[in-house]
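Subject: Structure handover

Hello,

Below is the structure I said I would pass on to you. Please open it beside this message, since the notes that follow refer to it throughout.

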Amino acid sequence: MSAILEIKELSKTYAGGFKALSKINLEIQEGEIFALLGPNGAGKTTLIGIICGILNLSSGSVTVDGFDIHSDYKRARSLIGLVPQELATDTFESVWNAVTFSRGLFGKQPNPGLIEDILKKLSLWDKKDSRILELSGGMKRRVMIAKALSHEPKILFLDEPTAGVDVELRKAMWQQVADLRASGVTIILTTHYIEEAEEMADRIGVINNGKIIITEDKKTLVQKLGKKSLSIELEQPLISVPDSLKGYSINLSDSGYRLEFEYDSRGDGGVSAILEHIVSSGLRVKNLSTQESSLEQIFVELVNQ
Amino acid sequence: MNYQAIKSIYKFEMNRAFRTVGQSIISPVISTTLYFVVFGAAMGGENEYMAGVPYGAFIVPGLMMMTVLTTSVSNASFGIYFPQYSGTIYEILSAPISFVEVLLGYVGAAASKSVIIGLIILLTSTFFVPFEIKYPIYMLGFLILTAITFSMLGFIIGIWADGFEKLQVIPLLVITPLSFLGGSFYSINILPEFWQKVSMLNPVVYLISGFRWSFYGVAEVSLWVSLTMILGFLTICFFTVAWIFKTGYRLKN
């Protein structure tokens, strides 16, 4: 895979002096789904806004499929589709007209067949003649996706695509995103729902205070930064951790009924040895369970560092 | 040139006008007809003349120009302000279009609407007074040029405005008074000398004078001065819009 989006040393300072982005370096590979995670005000929307041409950058450079977003902005923008966070729609227009308008705006010849196909895939076909103000929030969100897809982008930015969307529709959208990727579209999404990133993304980037903290393959990220914990429930309570286990970082909890051990998720971290020690110490085990840290826990730890 | 984008914006804006046909077309026609009835019929009797032209016929170009000025500004300012207000401006900013293409779409549509309204007023006037157009090509040229220039001014106002009140300020407090005082209903030659000189500071005087010349061959100022003024104003507006898009003033942070 080659990089379809290259961001180099990108910084953004607003007129009021607020530094929203600081020397961002990022490469997005063609055909991947990249999830950009970050707390509110981290700089996600600013970053997307700059790439798409909605905001001016202060320094650095961005190229889309090799085209600079300033010197070659027409070619760069023609490759990009954007679904912004805010539900901004032409309220008095019909769904059909609004989507057709978007296609024309990107210089594409009318293609009613394609628009029909998009609207059908997004379950909007029966609403094509309805005015947008008559639609529900979820439908408006889908209209915005239809508008972004109408000009056949190579890269699709989804800024909080499922914000305010019910669970059923959210899962349907995940499927649509998967279908888009299968058709060769590169997808960059920001989300507050870590579950969403976990479900869809190939690679994850975490941004905080205008800086990219980490970009990593999703599985590698969980392996690298994730923790596992082993919880051993005992039949008889202990007063203290047995001497044979004191070499390990084991905590005693639940009034002495539970031994808890946290270890790196890449290996067993000594689990086998601990279990052997427990057996040899004559302790009777009632139950045993392991837990792996979720992407959400990793994310929270990263942004709190 | 992204012709498809220009066509899309133009079509979208024209659809908006036809969707709100009462607001866009009928109301200026009704209000202008009222002006015509009041000023033309009540104040100008059959034997009243202004600059050698029967008064009823004399005010036709003024009425047309006054409406074209205000509707051009209103249409274009609302056309670009509404996407800003609703947030759909993101689509214009992220599309592969240059400022010239954006201008051609929005200003083209606003100017078209104004020209249509101007011609409807012209047609309506024929029901009230007999008149002739001595130089129809010049008349059309003046009409189109004025509509484009003031639509461009409206476009600038629409970007500058950060509320609906500001959208109304310039048409109500600047354009309408300038039109009234610019010779829509009288020849500035009938004013005392001092006020004639003051009137020359009003750019609308040159527009109405040139436009009236195309009807009756009489003008308060030279045709070429009128043309130079309007082209100069058009150039200023064009470079202002170019600057707005270059710097992102009010459009991009």
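A term first: a residue counts as buried here if 20 or more other C-beta atoms lie within 10 Å of its own. Please also keep in mind that this is a predicted model.

With that cut-off, start at helix α3 of chain A, residues 95–105. Of its 11 residues, 9 are buried, so the helix is largely enclosed by the rest of the structure. The buried ones are V95(A), A98(A), V99(A), T100(A), F101(A), S102(A), R103(A), G104(A) and L105(A). What covers the buried residues of α3(A)? Part of the cover comes from chain A itself, including α4 (112–121) and α5 (137–149), and part comes from α1 and α4 of chain B. After α3(A) comes G107(A), which has a positive phi, near 80°.

The contact across to chain B deserves its own paragraph. Two packed helices are described by the angle between their axes and the distance between the axes. For α3(A) and α1(B), the angle is about 150° and the axes are 7 Å apart. Angles over 145 degrees count as roughly antiparallel, and the two helices α3(A) and α1(B) are therefore roughly antiparallel to each other. On the chain A side, F101(A), G104(A) and L105(A) make the contact; on the chain B side, Q4(B), A5(B), K7(B), S8(B) and F12(B) do. Sorted by class, this contact has 4 nonpolar, 3 polar and 1 charged residues.

Next, the interface as a whole.

How many residues of each chain take part in the contact between chain B and chain A? There are 20 residues of chain B in contact with 28 residues of chain A. On the chain B side, the elements giving two or more residues are α1 (3–19) and α4 (89–94). Of the elements of chain B, α1(B) gives the most to this side, with 6 residues. The side of chain B that touches chain A is made up of 7 nonpolar, 9 polar and 4 charged residues.

Now the chains one at a time, starting with chain A.

Chain A has 10 helices and 14 strands. Its radius of gyration is 25 Å, whereas a compact globule of 305 residues would have one near 19 Å. Taken along the principal axes, the C-alpha atoms of chain A fill a box of roughly 80 × 45 × 40 Å. Buried residues make up 37% of the 305 in this chain. Of the contacts in chain A between residues at least 6 apart in sequence, 70% join residues at least 24 apart.

One sheet in chain A is worth tracing by eye. It is an open sheet of 4 strands, in the order β2-β1-β4-β5, with antiparallel pairing. At its edges stand β2 (19–29) and β5 (67–68) of chain A, each with a single partner strand, so one side of each is left without a neighbour in the sheet. Strand β1 (residues 3–13) of chain A is joined to β2(A) by 7 bridges, and the two run antiparallel. If you look for I28(A) in β2(A), you will find L5(A) opposite. Helix α1 (residues 44–52) of chain A lies across β1, β2 and β4 (59–64) of that chain, and runs at about 65° to β2(A).

A single residue to look at is G210(A), in the loop between β9 (203–208) and β10 (211–217) of chain A. Is G210(A) buried or exposed? G210(A) has 22 other C-beta atoms within 10 Å, so this residue is buried. Not counting residues up to four places away in sequence, G210(A) touches K19(A), A20(A), L21(A), S22(A) and G43(A). The C-alpha atoms of G210(A) and W125(A) are separated by 40 Å, and the two residues are 85 residues apart along the chain.

Last, chain B.

Chain B comes to 10 helices and 2 strands. From the N terminus on, its elements run α-α-β-β-α-α-α-α-α-α-α-α. The radius of gyration of chain B is 18 Å, close to the 18 Å that the globule rule gives for 253 residues, so chain B is as compact as a globular protein of that length. Its C-alpha trace spans about 60 × 35 × 35 Å along the principal axes. Of the 253 residues, 46% count as buried. Among contacts in chain B with a separation of 6 or more, 81% are between residues 24 or more positions apart.

Regards

Methods: Residues are numbered from 1 along each chain as its sequence is written. Chains are lettered from A and ligands numbered from 1 in the order in which they are written. This is a predicted model: local features need pLDDT of at least 70, side-chain atom pairs count only at pLDDT 80 or more; totals for chains, interfaces and linings use all residues. Two residues are in contact if their C-beta atoms, placed from the backbone, lie within 7 Å. Ala, Val, Leu, Ile, Met, Phe, Trp, Tyr, Cys and Pro count as nonpolar, Asp, Glu, Lys and Arg as charged, and the others, Gly among them, as polar. The radius of gyration is taken over C-alpha atoms; the globule rule is 2.2 Å times the number of residues to the power 0.38. A residue is buried if 20 or more other C-beta atoms lie within 10 Å of its own, exposed if 12 or fewer, and partly exposed in between; C-beta atoms are placed from the backbone. Two strands pair if DSSP finds at least two bridges between them. Axes are lines fitted to C-alpha atoms, for helices over the stretch in contact, and angles run from 0 to 180 degrees between N-to-C directions. Angles under 35 degrees count as roughly parallel, over 145 as roughly antiparallel, 65 to 115 as roughly perpendicular and the rest as oblique.
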